[in-house]
Amino acid sequence: MKKVLVCGAGGFIGGHLVKSLKNKGNEVIGVDIKEHEYTKSVADEFIKGDLRDPHFTKELISYPFDEVYQLAADMGGAGFIFSGENDADIMHNSAMINLNVVEASVKAKVKKIFYSSSACMYPERNQVDPNNPNCEEDSAYPAAPDSEYGWEKLFSERFYLAANRNYGIDIRIARFHNIFGPEGSWKDGREKAPAAFCRKVAETENLGEIEMWGDGNQTRSFLFIDECIDGILRLMKSDFIGPVNIGSNEMVSINDLAKMAMKIAGKNLKIKHIPGPLGVRGRNSDNNLILKKLGWAPNWPLEKGLAETYNWIKKQVDLNS
Ligand code: NAD
């Protein structure tokens, strides 16, 4: 049995990770600035606190943890990270968290840290063709992310790698590509495309209309939460430091994503295209490296995870109406 700390345990991925680590018999401590909105934490202990505070973080991590999973970040979908209004907070808050967690972990001699980076750190120039984006891990430099969120992720990746080289702390870095599933943001302004379309479809009468930012021809891939957790745990067990993509390579247009949600709901809705924050034109996970290093890559069809997510969001919509 290991003693592990999950930072961001009150969030979407952190909440699922706590459950999975508990199921595997670990002693799990969760920390977050807020409690989980949609589920009661199953952590052995859930500590509420601010990881931007170096004193709090040092004291928290002085407990002898075998592993720290660092998922806490000031985070959201396109409406939050591409509007420009939250840029300084995103950079300041997430960088402070990472600086504090690494420093405290090195001091306390934590055996291994997992860091959740993002596909948003890839250069915009490789993601302008919606049918042929390049997100190979090696394509990251020369760096040119299209958001301050992506720049912070890149800075922090480099900081974890430097701590590994200079202080000898063992690390693992994953670049997540659009993770989705039940028990995540669906209507608080931080939700991402799959949750937003499941909500709009669930809330709209058959033959009605839903809104979509942009022309819907921009492409993305979406990874269901269970496969993301599987990827994190496999990476932690492996001896590959990363950074490595954890994402699906089933690329779809946003129009097709919305149509898939309609098909699951058995509804036929019109799409009204409106201006809004968009991000890059095309993005897909390149899974060659993860396959080579872990002998595994995600393979669930998008529709399977989207159906589970739709059913959960439909329940929330019904409960809230
Ligand atoms: P989330 O917003 O649901 O979870 C992040 C958690 O961090 C939140 O519960 C938040 O309260 C907590 N947090 C923020 N500031 C804090 C602070 N100062 N002290 C303590 N806790 C704080 O996001 P998520 O989707 O679960 O993402 C988890 C990690 O994965 C993040 O680092 C995110 O950048 C990364 N990521 C996620 C995706 C995705 O598609 N969900 C994609 C790429 C990368």
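**Around the ligand and the second largest pocket**

Strand S5 puts three residues into the shell around the ligand, the most of any element. The model is a predicted one, and the ligand is a handy place to start. In total, 26 residues surround the ligand, and those that come nearest are Ile 13, Asp 32, Asp 50, Tyr 149 and Ile 179. Sorted by class, the shell has twelve nonpolar residues, eight polar ones and six charged ones.

Some of these neighbours face the ligand with polar atoms. Tyr 149 has a polar side-chain atom 2.6 Å from an oxygen atom of the ligand. For Asp 50, the distance from a side-chain N or O atom to a nitrogen atom of the ligand is 2.8 Å. Ser 116 also takes part, with a polar side-chain atom 3.1 Å from a ligand oxygen atom. On its own, the ligand has 810 Å² of accessible area, and the protein covers 92% of that. Two or more residues of the shell come from each of helix H1 (12–23), strand S5 (112–118) and helix H5 (148–167).

Next comes the second largest pocket, with a volume of about 280 Å³. Its lining is made up of 15 residues, and Glu 137, Asp 138, Arg 175, Pro 243 and Leu 289 sit closest to the centre. Helix H5 turns up here again: H5 and helix H9 (288–294) are the elements that give two or more residues to this lining. With four residues, H5 gives the most. As for the make-up of this lining, eight residues are charged, six are nonpolar and one is polar.

Note on methods:
Residues are numbered from 1 along each chain as its sequence is written. This is a predicted model: local features need pLDDT of at least 70, side-chain atom pairs count only at pLDDT 80 or more; totals for chains, interfaces and linings use all residues. Side-chain values use heavy atoms; hydrogens and water are left out. A residue is near a molecule or strand if one of its heavy atoms lies within 4 Å of it. A polar contact is a pair of N or O atoms within 3.5 Å; within protein, one must be able to donate a hydrogen and the other to accept it, and residues adjacent in sequence count only if both atoms are side-chain atoms. Accessible areas come from the Shrake-Rupley method with a 1.4 Å probe; for residues, only the protein chains shown count as cover. Ala, Val, Leu, Ile, Met, Phe, Trp, Tyr, Cys and Pro count as nonpolar, Asp, Glu, Lys and Arg as charged, and the others, Gly among them, as polar. On a 1 Å grid over the protein atoms alone, a cavity is a set of points where a 1.4 Å probe fits but cannot get out, and a pocket is an open set with protein on both sides within 12 Å along at least five of seven lines; lining residues have an atom within 4 Å of a point. Grid points are joined across faces, edges and corners, and a volume is the space filled by probe spheres set on the points.
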